Each structure stands twice: as structure tokens, then as C-alpha cells.
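This report describes the domain division of one chain, two of the contact regions in the assembly, and the confidence assigned to another chain.

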Amino acid sequence: MNSFIGKMLNVDLTSGKIETVSIPTEWAEKYTGQKGLGTRILMEDLDPKTDPLSPQNKIVMTSSIMAGTIVSCSAKLAIATKSPQTGTITDGSIGGHAGAELKYAGYDAICISGKAEELSYLYLDPDKAEIRSAAELKGVGTFETEIRIKEMAGDPQVKVLANGPAGENQVLFSCISTERYRQLGRGGIGAVMGSKNLKAVAIRGWLDVHVPDMKECLKVAKELHAADKIDDAEYEIYTDGTPILVDFSQESGLLPTDNFQEGTFEGFEKINSASMKEVRAAKKACFSCAIACGNYLKGSKSDVEGPEYETIALCGSSIRNDSRDRIIEINSICDDVGLDTISAGAVIAYMMEMTEKGLHDFGIRFGETEKAVEMVRKIAFKEGVGAEGAMGTKKLADKYGGAEFAMHVKGMEIPGYDPRGSWAMGLAYVSAPRGGCHMSAYPIEAEAWGDLDPYTYEGKADLVVGLQNSQFAKFSMGVCDFWPVASDNLAKLYSVTYGGKWTAEEVDIIGERIFNLQRIFNIMAGFDGGDDKLPGRFHQENLKSGPPKDISMPEEAFMKSMQEYYRLRGWDDKGKPTLEKLKALGVEDRFVQQYETYLATS
Amino acid sequence: MPLRVKKATCTGCKLCQLACSGWHERCFNPEKARINVEHDYNEKGIHIGIHFCNQCNKCIDTCPENAISSNGKWILVDRNLCIGCKTCSKTCPLDAVRYDSEGKSVICDLCEGEPQCIDWCPKEVIYFREKKTQAGRETT
Amino acid sequence: MKTTIHLKLYAGLQKYASASDDNHPIETGDSVREVLNRLGVPPDKPLLVFINGNRSKATSLLQGEELVKVFPPMRGG
């Protein structure tokens with residue numbers, strides 16, 4: 001017995017039919033868990049042209065294969081779906097307990113399709129799975145939703161994934177919460193849940209999770225935790241959490257300021273980690289995590305577990321907000337109503353710039369932080385100008401202009417690292433399958449914060465390809481990003497939990513396979529290399545301060561680098577994977593044929 | 001010689017529970033661990049609770065089958081005598097009793113001297129308390 | 001020649017900081033690495049160095065009066 005159970009709960013919200021099905025071992029072997037398994041399950045019978053907010057779209061929840069075990073940072077759950085914000089495949093990952101609890105309930109995955117007639121929640125434990133009414137929770141925030149679901153389920157130990165009013169209102173960048181302190185769902189996963197009338201998923205488990213050799217598993221896990229020093233009392237992610245990055249970004253001149261007009265922010269010391277620590281009352285870890293990145297802060301008006309660096313950048317410096325209290329307030333509201341803080345901040349920044357430039361009056365300007373707090377609520381409930389904000393920067397720019405400074409890629413707003421300060425981040429943003437995302441690859445560590453020259457594309461395509469392959473494996477097998485585990489050690493951890501004897505090469509091939517599977521989903525959804533581009537601001541304007549001052553990042557050089565990226569990936573010059581590449585990676589014949597048919601008929 | 005905890009340092013990772021169930025029950029299941037942690041973020045803030053046997057010995061006195069005893073250093077449950085009646089659990093003031101796959105009680109026995117929870121805790125929350133004797137201090 | 005720099009240490013390096021960092025004494029021509037070695041920072045620890053707002057290296061030589069900011073390597077995303 002090993003940590004892969006082999007069972008998926010199939011839920012059709014339209015008919016109410018729920019059944020347990022087997023997951024083929026081959027899927028676990030080729031795609032492992034989390035991101036990879038979620039992608040594979042989604043591809044099984046989801047037409048890539050499906051309307052994301054229709055009942056035909058699916059929500060696939062998949063645990064890390066190692067979730068439930070003692071491997072640190074393994075209690076992760078991925079949720080994959082077709083994004084209503086971008087139209088690409090999107091998958092996010094959440095910590096807390098949910099990933100492990102699903103294993104203790106006896107499942108590796110849940111697949112939800114259809115649409116419930118009334119607002120409902122899904123309850124599951126080892127003995128039963130039911131769709132239950134959540135009508136009384138309409139419009140209720142995620143915090144209260146969790147409390148009430150636990151009461152309704154009659155069990156305080158239930159782990160809840162809660163959708164908020166933003167998701168119910170189908171805001172395109174709405175997300176979900178769990179245990180009040182962890183969120184998931186860039187790309188509008190909340191909206192997909194909302195379109196299905198699904199208010200929450202409640203999971204309760206009490207079964208055992210097994211590994212092939214317990215003694216060996218305990219020994220290897222212990223050794224590798226120590227080897228990577230993840231419980232080190234001086235590990236920055238523990239001592240400070242992600243806010244430590246504010247000083248890194250400010251000094252490197254790439255901290256988004258005034259909607260990416262600048263890369264340094266005058267008020268950065270009011271919102272950096274040293275400032276956050278002044279009001280920190282506790283540290284918090286996810287289940288099984290030796291690191292403990294979470295920071296519980298008590299602001300003067302609100303408290304929050306956070307803010308993450310991304311929130312400080314996009315809801316702080318980028319909207320000219322130097323108030324720690326206001327950032328805490330905005331973060332707390334976003335977590336409760338269910339809004340992705342990166343996209344929310346980016347939309348507000350766009351609205352501010354449009355207003356200041358006189359291109360369209362959204363009634364808010366840079367630095368108007370009280371209005372920013374109100375705007376977040378208005379977006380969640382689509383009230384007044386909030387209904388516009390809820391569309392996201394891409395649709396707003398289509399409607400009102402300002403496309404050069406609508407800071408998104410494929411509709412997903414760009415996170416807290418100005419690529420003019422670390423050029424490979426731009427390659428990462430455009431090649432990430434779900435849009436402007438920093439999770440597929442994080443080359444800034446090697447560039448602006450490492451040894452490589454940040455202001456060249458030389459060697460960067462190769463860097464990004466390598467990082468993406470290993471990240472995709474890591475987020476599938478998988479552990480949290482904050483454990484910087486190399487592929488060979490990831491292979492060892494996988495071997496003692498799932499079984500077998502895996503190598504670093506096999507691990508990276510799994511990552512490459514998953515990456516390509518997501519890419520062909522996107523191609524079949526209608527994308528190609530023409531969509532792999534950055535907003536005009538990055539190529540047309542130079543930063544005026546910090547190390548990247550006056551350095552141009554020309555579009556021509558970027559496009560040349562993307563051609564190199566396609567070549568290294570084994571794709572054609574339009575960014576489409578070749579059939580040979582897919583076959584060489586072991587992608588199943590049926591997907592190769594499906595893709596081949598699509599290319600021939602489009 | 002019961003365990004002690006620096007509660008405020010606990011981050012709620014529950015690696016102690018995973019180590020306990022892994023070591024004793026040869027599976028990973030926090031429900032079967034002999035130490036139990038709550039670390040919840042609610043409307044009042046962060047609530048931390050850490051439950052484990054502190055050797056008050058009430059279970060020994062109330063077990064109807066005399067299945068529980070102490071060797072002076074830790075609690076012992078005789079699995080051959082235990083009938084799974086759960087009286088010890090109902091008596092325990094700290095909710096420190098759990099059950100194995102046969103429903104028999106499991107109570108912390110300090111891993112017979114080398115607690116796995118202490119070994120695995122990443123933040124050094126759990127430690128041994130020095131035992132005071134009438135003559136003075138005696139380290140355990 | 002004796003002179004001073006303004007030294008700022010970040011994150012895990014903060015434990016090596018001293019009260020005199022605002023006017024940290026150095027000899028003209030000291031490298032950043034040498035200054036940090038004297039503070040007890042492990043000699044092989046990778047460093048991210050900015051001098052007067054420009055990206056520099058641990059081997060960069062100091063003249064005096066510079067604003068020197070030093071970060072440890074960033075792990076994790």
C-alpha cells in the first residue's frame with residue numbers, strides 16, 4: 001500500500017448523482033497528483049472550447065500524492081478548471097488541511113460537473129458523500145460560511161473550502177478560502193464554483209494513509225527536511241514570510257509602483273517586513289509543514305493572516321498605498337469576499353491611471369486608499385463602478401482603452417515583479433499556461449536576486465524551460481513552493497511515499513509532460529504564440545529609478561527570446577507543440593490525435 | 001515525567017501527530033496520535049491547544065479491566081486486557097486517549113523514553129520537564 | 001585609510017548587524033566580503049549586494065561613504 005489511494009469522487013450537480021470511480025494507476029505514474037492529475041482528469045472529457053461558466057465546465061480537486069504523510073509541506077490541494085478570466089486551463093493550489101483531509105477521507109481527487117438547482121455544498125467523509133442545501137448562505141462571506149458549514153455538518157473538525165459572494169457573483173478573479181487563512185483560485189475558480197451554485201466543499205476524514213515502508217519513509221523524510229534546512233529558525237520564509245521580498249524588490253528597482261509606472265516606492269519602509277512584524281501576534285503553518293510561513297497580524301481595524309508579498313505589492317505600492325493598516329484591511333476583505341488580491345489590486349491600479357490620465361473617470365486615483373477599500377467590496381458585489389472592476393483589466397481595456405497599461409497576460413493580471421528589473425520573469429509570465437503568473441517559474445531568484453545579469457535574454461529561455469519543468473513536477477507530486485527541493489530529492493520523497501525508485505530525470509520529464517498537456521489544452525481552446533506577449537508598457541517605457549533605470553527591454557529582443565523558448569520546448573514557431581514532441585514525452589495517443597485533428601481543422 | 005510545551009511557539013503543523021501515528025500505528029493518521037494539536041484562526045484570533053497525557057493517572061484508577069498501569073515514568077495500556085470500553089477516555093480530563101484500528105485505547109508512553117514528537121517538532125515546542133523531588137531537582 | 005560606510009543588513013543577515021552600522025568603520029579598499037567576514041558572516045555564504053543603489057558583488061571594493069545593502073540569497077517563491 002502506498003500514499004496513492006486510487007479513488008476519485010465523481011459529482012454531477014445537475015442530476016445529483018455521486019459515485020466513486022477508480023483512478024487508473026497509469027495516470028498516477030504519468031501525471032502523479034495535484035496539478036498533473038488534475039490536468040489529466042480535466043482533459044479526459046472536457047472540450048477545451050467549453051464556456052467556463054457553463055454547467056459543462058468541470059472543477060477538479062486533486063491532492064498531492066504525498067498529502068497525508070509526514071513529508072513536510074505536502075498537505076496541498078490543487079483545483080483545476082477552465083478559467084473564465086482567461087479562457088485557458090487554470091490550476092491553483094491551497095494549503096491548510098484540505099489536501100491531507102481528502103486523503104484521510106479515502107480519495108485522491110474530486111471531479112465536479114453540472115450545476116445545482118439551488119445554492120448547495122458538497123459534504124464527504126469516508127462513509128458518505130452528499131449534496132446538501134446551502135441556500136441560507138447566499139451572499140455570506142467565506143469566514144462565516146466556514147463556521148456555519150461546520151455547524152450544519154455537526155462536526156467542528158470538518159475542513160471547508162468556502163466560496164464567497166465574489167464567486168457567487170461570478171467576478172472573474174474570485175477565489176475561495178479555507179480555515180480563514182489560506183486562499184486559492186487565480187483565474188476565477190470562485191466564479192466557476194458560483195456558476196455551479198456550489199457554495200462550499202466540506203471534507204472530513206479519519207482513515208489511515210500508508211507508505212510502502214514506514215521506517216524508510218520516516219528516515220528519508222527526516223534526512224531531507226534536515227538537508228534542505230526547512231525548519232531552520234533563520235529561514236527567511238519562517239522569520240519573515242513573503243513580506244521580506246518588499247526590500248528585495250525595492251532595492252532591485254522592480255517593486256510595482258503606480259501601476260508599474262515605477263519600480264521603487266517612496267513609502268516602502270511603511271509596508272515592508274519590518275513594519276509587518278511590529279503588529280505580528282503569531283506564526284502559523286499549514287498541516288505537515290516544518291517551515292510556517294504564515295503571519296497573523298493585528299491591524300488597528302482588522303486582523304489578517306498575511307499579507308503576502310503579492311498583496312503588499314499590488315494592493316500597496318502599485319496603488320500608492322503606504323498604509324500597513326489599509327493593506328491589512330484590504331487583504332482581510334478580499335479573503336472574506338473571495339477576491340484574488342493580485343488581480344483586485346491590479347484592476348484598481350488600472351482604474352486609477354485611467355482616471356488620472358482623463359481617459360475614463362472611474363472615480364479613484366493613486367493613493368486614495370479609503371476608496372480602494374470600498375472598491376474591493378463594490379467589485380465583490382458588482383455594485384456601481386465595481387461591476388466594471390469585476391471584469392478585469394483585459395475586458396476593461398477592450399472597452400475603454402489603455403491597453404498598454406492594462407497589466408495582464410492573457411487576461412490574468414501580472415504579479416509583484418516588474419520584468420524590466422528581471423527580464424526572464426517576462427518570459428515566465430507569457431509562457432505560464434494560465435496567464436500572468438509567477439508560479440510556473442521564478443527566475444528572479446537566479447537573476448535580480450542571484451548571479452545572472454537581469455537585463456539580458458541570453459540564456460534565459462533555457463533557464464525558464466528548466467524551472468517550469470521542475471516546478472510542474474514539484475506541484476504535482478508534490479510539495480509547497482517554499483520547500484526549495486531539487487528534483488533528485490523530490491524523487492526520493494516520492495519513492496518512499498508512492499513507491500518505486502524515481503530519478504531526477506524522470507521527475508523533470510513528468511513536469512515537462514504536464515506542461516505540454518496544459519499547452520495543447522490552451523492551443524485547442526484557441527490560443528497560440530500570438531497571445532504570448534506582455535503589456536506595451538514594459539517595452540515602450542523605461543523605469544526611472546533603481547538598477548533598471550533607463551534600461552530598455554525592447555519587444556524585438558523579447559520576441560526573439562520567445563522563438564528560442566519555443567525551439568527549446570520542441571514547439572513550432574507559433575508556439576504549438578509538435579506531435580513528435582508530445583509522443584516523445586509519452587502523452588497518450590488519444591490526446592495527440594485530438595490535438596492533431598484540431599490543428600488540421602482550425 | 002510528563003511532556004511540557006511552549007504553546008506560543010507552536011505553529012500548528014501537527015508533525016508531532018504524524019510522527020506519533022507513524023511510529024506507533026505504522027500509518028499516518030492524526031486521529032490516532034497520542035498528542036493532539038488545535039491551531040485555529042477564528043474571529044477572536046489564533047487559538048492554540050495542545051493535548052497529551054500529563055500522567056494524572058485518573059485512567060488507571062477508573063479502568064474497569066485494570067488494563068492501565070504506570071511504571072513510574074509513563075502510562076502503559078495492556079492491549080490483552082483492554083476491551084475498548086472507552087471509560088479511560090471519558091475520565092481523562094485532557095482528552096488524551098485515542099484508539100488503534102481495533103478500538104483499543106492508546107495513551108502516550110513517551111515512546112518508552114525517546115519521544116518522537118520532540119524529535120520531529122520543527123520549532124522545539126515540546127520538551128521534558130525536570131521532575132522535582134523532595135530532596136531537590138532530579139532530571140528525567 | 002580609515003573611513004566609514006553606511007551598512008544595512010537584511011533578513012537572516014540582521015543578526016550580524018551592530019549599532020555602528022550607520023557609520024561602519026572600514027579601511028579604504030576593503031571588499032564587501034571582507035567587511036562582512038569581520039562581522040562573523042560565514043565566508044562562503046552567497047550574498048546579494050547593492051552599493052549606492054546599484055547591483056554589485058561581494059568582491060566589490062569600497063572607498064568610503066557608500067550606502068551598502070546586503071541580502072542573503074532568497075529561497076522559495
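**Contact between chains A and C**

Two residues are taken to be in contact if their C-beta atoms, placed from the backbone, lie within 7 Å. On this basis, in what is a predicted model, 19 residues of chain A and 14 residues of chain C take part in the contact between the two chains.

On the side of chain A that touches chain C, α8 (236-239) and α9 (245-252) of chain A each supply at least two residues. By class, that side of chain A comprises nine nonpolar, three polar and seven charged residues.

**Domains of chain A**

Chain A is divided into domain 1 (7-203), domain 2 (231-406) and domain 3, the last of which is made up of 411-482 + 503-602. Between the centres of domain 1 and domain 2 of chain A, taken over C-alpha atoms, the separation is 26 Å. Their contact draws 34 residues from domain 1 of chain A and 25 residues from domain 2 of chain A.

On the side of domain 1 of chain A that touches domain 2 of chain A, the elements giving two or more residues are α4 (142-153), α5 (165-168), β10 (176-178) and β11 (182-184) of chain A. Of these, α5(A) gives the most, with three residues. This side of domain 1 of chain A has 14 nonpolar, 17 polar and three charged residues.

**Confidence in chain B**

The mean pLDDT of chain B is 90, and 91% of its residues reach 70 or more. Over residues 133-140 of chain B, however, the pLDDT is below 50. Beyond near neighbours in sequence, this stretch of chain B has nine contacts in the model. Where pLDDT is low, predicted coordinates should not be read in detail.

How values were computed. Residues are numbered from 1 along each chain as its sequence is written. Chains are lettered from A and ligands numbered from 1 in the order in which they are written. This is a predicted model: local features need pLDDT of at least 70, side-chain atom pairs count only at pLDDT 80 or more; totals for chains, interfaces and linings use all residues. Domain bounds come from an automatic or database domain assignment. Helices (H or I, at least four residues) and strands (E, at least two) are DSSP runs, numbered from the N terminus. Ala, Val, Leu, Ile, Met, Phe, Trp, Tyr, Cys and Pro count as nonpolar, Asp, Glu, Lys and Arg as charged, and the others, Gly among them, as polar. pLDDT is the predictor's confidence in each residue, from 0 to 100.
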